[in-house]
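Below are some notes for a colleague who is opening this structure for the first time. They are best read with the model on screen.

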Amino acid sequence: MLTTGFKLWFGIFVAAFGAAVFAGYTSGGDETGPLTVAWKGAVGNHVSYGLLISVAAVAFGLALFSIAFRDGDAEAAAELLGTETAPPAQRPVGGSWWPIFAALGVGATAVGAVVHPAVFVIGICAVAAIAVEWTMTNWSEKLSGDRAHNAAQREKLLRPVEIPVLGTLGVGVLVLAMSRVLLASSVNGAVVVATVVGVVVLCGAIVISRNPNLPRGMVQGVLLIGFVAVIVAGIVTAATGEREFHQKGGGEHATDTQSEDGH
Amino acid sequence: MTDTSLEADGATALERVVTSTDANTLGRYWLGAGSLTLLASLVAGVLVALERLDLGGAEVFGSADEIFQFWSAYRVGLVLLAIVPIIVGLGTAVAPLQVGSDSIAFPRMAAFSFWTWLIGAGTTITGFLIDGGLGTPDAGSQRQAVALTLVGLLMVIGGLLGATVSLLTTIVCGRVAGLTLRRIPLFSWTLLVAGTFWLLTLPVLAANAVLAYVDLRGRTAVRFGAEDAIWEQLSWSFSHPQVYAFALPLVGIAFDIVPVSLRNRLANHDVVLVLTTLLGVVGFGAYAQSFFDTPGTPVMYQAIYVVDAFAAALIALALFGGLADTLRRGAGNLGSGAGNRPPAPMVLSVLAMLLLLAAAAVGALRVVDPFDLLATSATGAQMTLTMGAAFVGAMAGTLWWGDRIFGKVSSQGLGLLAGLAAVVGVLMIGVADLLSGFMGQNDFTGASLAAAGSPDSGVDALNVVALVGSVLLLVGALGWFANGIRRLTGAAAPADPWGGHTLEWAADASTVEVTSERPLLDALEHAGSAS
Amino acid sequence: MAAGTEVAPVEAPLARPRTLLVGTAFATGAAVMFFGALFSLYSSVRNDTLAWGAEWFPEGAIELKPGGSLMSTFAMAAITMAWAQYSAIHEDRVHGLIALGLTALLGIAAINQTVFYFNDIGLPIDHNVATTLLYVIVGTHMVMTGIAVLWMGLVLLRGFGGQGTGRHQDLVIAVSIFWYAVVAVYSVIWLFIYVAK
């Protein structure tokens, strides 16, 4: 028995193949070209012919799949599993961070391709890392029917990797950003900046440690804002460029100094 | 970081928004984002129509290049950033319900597709706004910005493809027992057909875009990345016949709504299946790439292009005839509605099919050689009519399924008014542009009289009509959007406001026995005959 | 008791088979269409150029050997993938992992060979229309190969985690569908571009 899906895609195949041959002949092909995919002979308009043939090929493949899987009907699935009724094709999976992170990674890759190679590479790395995380999430979901157990297994496996990597990345980004800021400030300014930032961090930490009951969201928010602020400052100052480094060379007693002529 | 910890930790509101993989939520995201870009595109359309009034010099825009950027942005935006996403949104929310599935297939990929599309749409729009877009005739745009637009377009295509794969897999694999593909509701069926053709054509558009992008990057283009060549390579995707493939699900919407409104069965279900498939086939427009014409065989003068256009007109006529026949046979049941008025979604469905018929008619006129319409504004007329039909169909669909999607009611009256405004607007644009096409006005008029073809006062008047139509269409879209916003705060909706026939209206789809394409109606009649 | 206690887990619920395969078939169809489009454009532009009597690829720029050895790499990779698929269906975890790993390795080798081939051809991408098309087609095919290899890596990850066979065989079959498309597209590149020039 031919399934509806097979009829649909096979019909598209027939129509597309017919259209391809028709297009091939009517746009100036010879006798054999359109029927032999231009192996022997010629077709007229290559684009029309080639694309319609491609459609025919893909539709034919889909038709084969469809008949092989009997349209993916529930009855076919139940028979394959040997169960009374077919289980649902897809259970709801709940919230997930990976889609939006992956999309951001793809976005970074795409925009980076235009804007800057570094962004492109970062995007690629992010996509690859998220692919692994996403896979392991899927993996853990298929371990058992107990969501808590699955989540625990996933954490046990991935936390030892995630925490150091993320920690290193976070620290690295902060260090990079801060160093840009210090390089862009004047000689004395850098001292002031370092002192102020240090004091702010210290006081913040003291406040947080003194008040264990601060709402978690608030602490997270403050930390996030601080993190972003440092990164933004780093990007801005990196764009501004470093201060001038001069040296006065010369005799025995020459010292190596930095002056601020340029500022 | 772990996904499952989200529920356990009591995720914050923001976390829940960005991590959702629920089909209904994603459908709303698509609808919301698509409607915003729709408004933006229509505003661009109004500006372009306004510019066309005074061909003496650029008034609204700074230069002819800028006009071209907005003129092409309007078409790209309308199709890939607005109408198709809106249809995808309706499908994402409704199709799983129609086939009785708890979730869309590959829910995380569906979410990923939406976000990719969203970021891509943002990138595309940014590219347009920073003097990029899809190139300009006088090579007056920023090359980096053009590259950014193309990259954004590729992400948009990727997002739509991913969403389509999710949708089609849901429709194929997610059906409950007894619901064969032949019995699925027609909206799902047209999504299946249209989705197949999206999978067959969007990659072609991607190939065109990649070729242009690679040739454009960082040096003088060899050929494909030349500023004045890019739009010509992509334009097939935004004109006849490809627009039929994008608009196709509107037919399913109409054929799902009308029989239920008439409390009647559809006489020739299988015929509709075949006709919609054929409409998909004739809507495969990727073969019509005039940029790659071999000298001597311009594709738009080929037999296949002509046959295609007339076939489309015939199919549209047959489909409209089928709808009219259903209306005729069910007319007796109409008076029983509230206030004896036919439901708004039904009215809009019929009007959408009418617009599709008009579009197909213009498409057929366009290929008649003696009329010489191919390069004229008739092309724009055909595109606007088709996309307008799809938009009105989507308006009908949101009015019809909105209660089920949002759980809140909206104003059917406002919905009807907005729909009528859009229909009138689309018709005004379509008719005016068709007529000015007969008078020889070019599809893209540029900023000079010479570029516009041979304009005379008649064309000027018609352009005023088209401008008014554009404004009306924008007003209709605004009304629709406002009505959608009202849904967020409306009163709770009944579970089955229309007395639906198909599974999306069932309280629990898994308990319904499916023996035909209208299981709920079967159950009702069975209960009636038993008592 | 204390945290980290292992409880006997509930058996994972059954999933409907083949869902992943259907999704993969659709996605693979889209990928094939992408290359169908590029090939159509290629042949159209090439036909035009030759009809003008102009040069397509410079004489002797494209050697046959590297393309042929690439073809044999891909052919082997198709066979190892079939082996992986067979092993997954027949519950042979070890062979499945070996075969999938081999296929991924051959995929990486193919990318490596392609880079070598590009260097060997040595024409700049903007030499003429032909080289632009060549680089776009072969480059995007490399991306497709890369995606397939990444995908295999992820399936291998799950395979090491005990999910390569039995109820999880669809994972392997899905990537094999995509991989056969990769090989098929390469065969067309080989015949259509490298051999036919």
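What is the mean pLDDT of chain C, and what percentage of its residues reach 70 or more?

1. Confidence in chain C. This is a predicted model, and the mean pLDDT of chain C is 88, with 95% of its residues at 70 or more. The exception to note is at the start of the chain: over residues 1-5 of chain C the pLDDT stays under 50. For that stretch the model has zero contacts beyond four places in sequence. Where pLDDT is low, the predicted coordinates should not be read in detail.

2. Confidence in chain A and in the whole model. Chain A has a mean pLDDT of 83, and 87% of its residues reach 70 or more. Among the elements of chain A, helix α2 (residues 46-68) has the highest mean pLDDT, 93, while helix α8 (residues 216-240) has the lowest, 83. Residues 248-263 of chain A have pLDDT below 50. Unlike a stretch with no partners, residues 248-263 of chain A do have 22 contacts in the model beyond near neighbours in sequence. The model as a whole scores ipTM 0.66 and pTM 0.70.

3. The interface of chain C and chain B. Here 25 residues of chain C are in contact with 31 residues of chain B. The area buried between the two chains is about 2300 Å², and carbon and sulfur atoms give 78% of that area. Of the area that chain C buries against chain B, C:Phe26, C:Met33 and C:Leu41 supply 24%, more than any other three residues.

4. Polar features of that interface. The rule finds zero salt bridges across the interface of chain C and chain B. It does find three residue pairs in polar contact there, with both residues of each pair at pLDDT 80 or more.

5. What chain C brings to chain B. Two helices of chain C, α1 (19-51) and α4 (129-160), each supply at least two residues of the side that touches chain B. The most comes from α1(C), with 15 residues. By type, the residues on this side of chain C divide into 15 nonpolar, six polar and four charged.

6. Chain B overall. The secondary structure of chain B comes to 17 helices and zero strands. Chain B has 531 residues, and buried residues make up 64% of them. Among the contacts in chain B with a separation of 6 or more, 81% are between residues 24 or more positions apart.

7. A loop residue in chain B. B:Pro342 is found in the loop between α12 (303-330) and α13 (344-366) of chain B. Is B:Pro342 buried or partly exposed? Its relative accessible area is 34%, so B:Pro342 counts as partly exposed. Leaving out residues up to four places away in sequence, B:Pro342 touches B:Leu334 and B:Val347. B:Leu262 is 80 residues from B:Pro342 in sequence, yet the two are 8.8 Å apart in space, C-alpha to C-alpha.

8. A charged residue in chain A. A:Glu133 lies in helix α5 (residues 117-141) of chain A. Why does A:Glu133 count as buried? A:Glu133 is buried because its relative accessible area is 14%, and the cut-off for buried is under 20%. The side chains of A:Glu133 and A:Arg154 are joined by a polar contact of 2.6 Å. Apart from residues up to four places away in sequence, A:Glu133 touches A:Trp98, A:Arg154, A:Leu158 and A:Glu162.

Technical notes:
Residues numbered from 1 in each chain as written. Chains lettered and ligands numbered in written order. Heavy atoms only, no water. Contact = heavy atoms within 4.5 Å. Buried area = accessible area lost by both parts, 1.4 Å probe. Salt bridge = Lys/Arg side-chain N within 4 Å of Asp/Glu carboxyl O. Polar contact = N/O pair within 3.5 Å; in protein donor to acceptor, adjacent residues only side chain to side chain. Helix = DSSP H or I, 4+ residues; strand = E, 2+ residues; numbered from the N terminus. Nonpolar A, V, L, I, M, F, W, Y, C, P; charged D, E, K, R; others polar. Buried < 20%, exposed > 50% of the residue type's maximum accessible area, 1.4 Å probe, protein only. pLDDT = per-residue confidence, 0-100.
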